[in-house]
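Here is a short briefing on charged side-chain pairs and one helix. Keep the structure open while reading.

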Amino acid sequence: IQMHKIATLATAILMVAVPCAYAQHQKQEKPAENRLEFKEHGFAIRLPDGWKQTAVKGDAFLVAIGPAESGRRLGLNIRVSGSITATEIRKKGFADRVRAGIKKTLASYEADGEGAMRVDGPTGLWLRGKVGALYIKQYIFAGPSTGFIATFTYSDSIGKRHLASIDKAVASIE
């Protein structure tokens, strides 16, 4: 009888405690209000706190600005590029060809770094350069059928906290 009482008490404790413990360990979903989905392009991104979508310009399907810092802002422009494929990105000299195209448009562009990247699976790379005190960081990647170029612009004096929001935005790309 004593064992029965202990078992009953243990069951009652588990019934009360387990749902609470389970609820505390469930993955917290990020707020949906910062997630932007562009079904026609097969693309989604979650803008970090303080970023706002603005009017679309040129061939971009998304233009946004980051939080102000001493009057300086971060800028984001994302566009589709049909000529960019995973195969093309992997070809030797791809980064140099992209930079040559940038130099045609911005003669004073100076290359400042590059590296491989992975956005939710697709192949890609990032390029960083600058024009005067303005940095330009491009993430170029390809999904199964579409290539994308995400261009971030920021001044050389922008703080680390705001620069980290660029990585956060890129990491959220679906």
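## Salt bridges and helix α3

The side chains of Arg97 and Glu88 form a salt bridge, with an N to O distance of 3.3 Å. The model is a predicted one. In total, seven salt bridges are counted. Three of them are described below, followed by the helix that carries one partner.

**Arg97 and Glu88**

- Arg97 is partly exposed, at 41% relative accessibility.
- Glu88 is also partly exposed, with a relative accessible area of 21%.
- The cut-off matters for Glu88: buried means under 20%, so a value of 21% leaves Glu88 partly exposed.

**Arg99 and Glu114**

- A salt bridge joins the side chains of Arg99 and Glu114 at 2.8 Å, N to O.
- This pair links distant parts of the chain, with the two positions 15 residues apart in numbering.
- Arg99 sits in helix α3 (residues 94–105), while Glu114 belongs to strand β6 (residues 110–118).
- Is each partner buried or exposed? Arg99 counts as buried, because its relative accessibility is 12% and the limit for buried is under 20%.
- Glu114 is partly exposed, with a relative accessible area of 45%.

**Arg35, Glu37 and Glu174**

- Arg35 and Glu37 meet through their side chains in a salt bridge of 3.1 Å, N to O.
- Arg35 is partly exposed, at a relative accessible area of 28%.
- Glu37 counts as partly exposed too, at 43% relative accessibility.
- The pairing extends to Glu174: Arg35, Glu37 and Glu174 are linked in a network of salt bridges.
- As background, side chains of opposite charge can pair when their charged atoms come close.

**Helix α3**

- Helix α3 has twelve residues.
- From first C-alpha to last, α3 reaches 17 Å. That is close to the 16 Å expected at 1.5 Å a residue.
- Which residues of α3 are buried? They are Phe94, Ala95, Val98, Arg99 and Ile102.
- These buried residues lie on the same side of α3, because they cover an arc of only 130° around the axis.
- Asp96 and Lys104 are exposed on the other side of α3.
- Arg99 therefore ties the two topics together: Arg99 is one of the buried residues of α3, counts as buried at 12% relative accessibility, and pairs with Glu114 in a salt bridge.

Technical notes:
Residues numbered from 1 in each chain as written. Predicted model: local features only at pLDDT ≥ 70, side-chain atom pairs only at ≥ 80, totals over all residues. Heavy atoms only, no water. Salt bridge = Lys/Arg side-chain N within 4 Å of Asp/Glu carboxyl O. Buried < 20%, exposed > 50% of the residue type's maximum accessible area, 1.4 Å probe, protein only. Helix = DSSP H or I, 4+ residues; strand = E, 2+ residues; numbered from the N terminus. Expected span 1.5 Å × (residues − 1). Arc of directions from axis to C-beta.
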